[in-house]
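This report covers internal cavities and one helix. Please view the model alongside the text.

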Amino acid sequence: MTETMTVPLLDLKPQYQALKAELDAAMVKVAASQMFILGPAVRELEEQVAAYCGAKHGIGMSSGTDALLAALMALDIGRGDEVITTTYTFFATGGTIARLGARPVFLDIEPVTFNLSVERVREFLSGCVRQGDVVRNPATGGRVRALVPVHLFGQSADLDPLLAIASEYGLAVIEDAAQAIGAEYAHSRRLGGIGDIGCLSFFPTKNLGAFGDAGMCVTNDDALAARLRQLRVHGMEPRYYHAFVGGNFRLDEIQAAVLLVKFRHLEAWHAARQRNAAFYNRAFAAAGLTDRVQTPVAQPGCRHVYNQYVVRVPQRDELRVYLAGRRIGAEVYYPLPMHLQQCFADLGGRPGDCPEAERAARETLALPIYPELTEAQLQHVVDSIADFYCGA
Ligand SMILES: *Cc1c(COP(=O)(O)O)cnc(C)c1O
């Protein structure tokens, strides 16, 4: 039986099969209306997702990347500015900062959560010079404007100390919650609605995935919400009058219609991912593998939604090849931290600058965690990893 079992890293087909009638009807309804741009489904989704994130406003965006770009633009971040973020993230976090001409300051992570290190942020800022309201990086002359914590893999960054530091230095906080819709920080605070602007992605592999690209900004700030709405239509207000330069960052009506159907199931999918994570944790312990496989540690009081279930393992690359041979999908998120990417070479990052992120890049492996996995499939993953380390 297990000889023929396949465990893909992610399979979206069972989710579609389960909701096919509703999803197809929702798409046909948009087709019948021929209202493709900023229609009723976008408005409805914005309201539902904002409420879910504990935020006053939701502004649908064309992707998570464009949500980040628009958030930075809404805060007027550009040339001469610096934005602090984590080096261990998906490219979009740093890429959007750089695209606006600002300088990303890539800092190291906490080894247990893989999220931005509070200590490194404090250390960087204590080396900056304050001139009135301006915080200047003496090494570059740049003005430090904002902090972008990423809630990696579906778990909150340590927000309270980061928010305190941001407030002390007058920095804006943009939460990159692309992987963490529905996750919570201490005291049941939903991510995205805690900082000045939260950025969500509905890329198909995220916990709430569209049929293509989609994203959203959430905020409690009326002025920022108005600015984000205007930015997503080329800065236009009123029609054909442009007070500032924006872009086409609009969320498609057809994607919103799909997302409204799926959104009703999001809590059940989070619960299934958490069940799968708990199964892995127990099964790795039962197999006596805890010295080899370091399982993810959910922070006390925080709600982890397991967009990815990421373990640390010795011989990571060999294990990945071995699992592929057993038709088990596994992926490396991420093999090269941002400070070592070729496109950021001009920032002067060097190996050894962020040792924890560099170590994570060598040791981590994401295992299949999607909601529809069976216990037999999960057990097969654990058994195969046991075979790899202990000899089949
Ligand atoms: C997915 C992701 C993004 C970008 O979202 P897209 O919708 O793919 O543009 C940004 N940041 C992180 C951490 C992500 O995982």
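## Cavities and helix H9

The lining of the largest cavity is mixed: five nonpolar, four polar and five charged residues. The model is predicted. It holds two cavities of 30 Å³ or more. Their values are set out below.

| Cavity | Volume | Lining by class |
|---|---|---|
| Largest | about 80 Å³ | five nonpolar, four polar, five charged |
| Second largest | about 70 Å³ | eight nonpolar, four polar, no charged |

In the largest cavity, 14 residues form the lining. Leu10, Leu12, Gln15, Lys206 and Arg273 lie nearest its centre. Where does this cavity lie relative to domain 1 (15–263) and domain 2 (266–390)? Both domains give residues to its lining, so the largest cavity lies between them.

The second largest cavity has no charged residue in its lining. Domain 1 (15–263) and domain 2 (266–390) each supply at least three of its lining residues. Among them are Val112, Phe114, Leu152 and Phe153, along with Pro296, His304, Tyr306 and Val310.

Now the helix. H9 spans residues 266–286, 21 residues in total. From first C-alpha to last, H9 reaches 30 Å, close to the 30 Å expected at 1.5 Å a residue. Its buried residues include Leu266, Trp269, Arg273, Phe279, Tyr280 and Phe284. Arg273 also belongs to the residues nearest the centre of the largest cavity.

What covers the buried residues of H9? The cover includes helices H1 (13–33), H2 (40–52), H8 (253–263) and H12 (375–390). Strands S12 (309–312) and S13 (364–367) also take part. After H9 comes Gly288, with a positive phi near 70 degrees.

Conventions
Residues numbered from 1 in each chain as written. Predicted model: local features only at pLDDT ≥ 70, side-chain atom pairs only at ≥ 80, totals over all residues. Heavy atoms only, no water. 1 Å grid on protein atoms, 1.4 Å probe; cavity = no way out; pocket = protein on both sides within 12 Å on 5 of 7 lines; lining within 4 Å. Points joined across faces, edges and corners; volume = space filled by probe spheres on them. Nonpolar A, V, L, I, M, F, W, Y, C, P; charged D, E, K, R; others polar. Domains from an automatic or database assignment. Helix = DSSP H or I, 4+ residues; strand = E, 2+ residues; numbered from the N terminus. Expected span 1.5 Å × (residues − 1). Buried < 20%, exposed > 50% of the residue type's maximum accessible area, 1.4 Å probe, protein only. Contact = heavy atoms within 4.5 Å.
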